[in-house]
Amino acid sequence: MPQITIKMYEGRTDQQKDEIIDVFTRELSRIIDREPEFISVQFDEIPIDDNAPANLRNKR
């Protein structure tokens, strides 16, 4: 079972995450010729800190 793990700063909306899942799943499925239902996507969200982009730091 292919698994995609995405590490990113917290603060993305559910809509953004859903779009990421759709795009990554569709493209990996196409590239490796594997049915999308066997692909999983996991998000590892990093707490916003001083190294985060300014637009995310402002959401703290």
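This is a short walk through the structure, one selection at a time. The model is a predicted one, so please read each stop in that light.

**Stop 1: the whole chain**

Start with the full chain in cartoon view. There are two helices and two strands, and from the N terminus on they follow the order β-α-β-α. The radius of gyration is 14 Å, well over the 10 Å that the globule rule gives for 60 residues, so the chain is more spread out than a compact globule. If you align the view to the principal axes, the C-alpha trace spans about 40 × 20 × 15 Å.

Now switch on a surface. The chain exposes about 4,600 Å², and carbon and sulfur atoms supply 47% of that area. Of the 60 residues, 18% count as buried. A contact map is worth opening here too: among contacts between residues at least 6 apart in sequence, 68% join residues at least 24 apart.

**Stop 2: the two strands and the helix between them**

Select residues 3-9 for strand β1 and residues 40-46 for strand β2. How do β1 and β2 run, and how many bridges join them? They run parallel, and seven bridges join them. For a place to look along the pairing, pick Tyr9, which stands opposite Ile46 in β2.

Next add residues 14-32, helix α1. Together β1, α1 and β2 make a β-α-β unit, and its hand is right-handed. Keep these three elements on screen, as the next stops all build on them.

**Stop 3: Lys17 and Glu45**

Show the side chains of Lys17 and Glu45. They meet in a salt bridge, with 3.1 Å from N to O. This pair links distant parts of the chain: Lys17 belongs to helix α1 and Glu45 to strand β2, 28 residues apart. Side chains of opposite charge can pair when their charged atoms come close.

Are the two partners buried or exposed? Lys17 is buried, at a relative accessible area of 15%, while Glu45 is partly exposed, at 37%.

**Stop 4: a charged network on helix α1**

Stay on α1 and select Arg26, Glu27 and Arg30. The side chain of Glu27 forms a salt bridge with Arg30 at 2.7 Å, N to O. Glu27 and Arg30 are three residues apart in helix α1, so about one helical turn separates them. Salt bridges that share partners join Arg26, Glu27 and Arg30 into one network. The other link to display is the one between Glu27 and Arg26, at 3.6 Å, N to O.

Colour these residues by accessibility and you will find Glu27 partly exposed at 29%. Arg26 is also partly exposed, at 49%, and it falls short of "exposed" because that class needs over 50%. Arg30, at 55%, does count as exposed. With the Lys17–Glu45 pair on screen as well, note that the count of salt bridges comes to four.

**Stop 5: the loop between α1 and β2**

Move along to Asp33, in the loop between α1 and β2. What is the phi of Asp33? Its value is positive, about 55 degrees, although Asp33 is not a glycine. That makes a good point to check on a Ramachandran plot: most residues other than glycine have a negative phi. Asp33 is exposed, with a relative accessible area of 71%.

Pro36 has its place in this loop between α1 and β2 as well. Its relative accessible area is 40%, which makes Pro36 partly exposed. Draw a distance from the C-alpha of Pro36 to that of Arg26: the two residues are ten apart along the chain, and the separation is 6.6 Å.

**Stop 6: Thr25, where the loop meets the helix**

Which residues does Pro36 touch, not counting those up to four places away in sequence? They are Thr25 and Ser29. Select Thr25 for the last view. Thr25 is found in helix α1 and counts as buried, at 11% relative accessibility. Leaving out residues up to four places away in sequence, Thr25 touches Pro36, Ile39 and Val41. Show those three side chains around Thr25, and the tour ends there.

Notes
Residues are numbered from 1 along each chain as its sequence is written. This is a predicted model: local features need pLDDT of at least 70, side-chain atom pairs count only at pLDDT 80 or more; totals for chains, interfaces and linings use all residues. Side-chain values use heavy atoms; hydrogens and water are left out. Helices (H or I, at least four residues) and strands (E, at least two) are DSSP runs, numbered from the N terminus. Buried means under 20% relative accessible area, exposed over 50%, partly exposed in between (1.4 Å probe, protein chains only). Contact means heavy atoms within 4.5 Å. Two strands pair if DSSP finds at least two bridges between them. A crossover is right-handed if, with the strands pointing away from the viewer, the path from the first strand over the helix to the second runs clockwise. The radius of gyration is taken over C-alpha atoms; the globule rule is 2.2 Å times the number of residues to the power 0.38. Accessible areas come from the Shrake-Rupley method with a 1.4 Å probe; for residues, only the protein chains shown count as cover.
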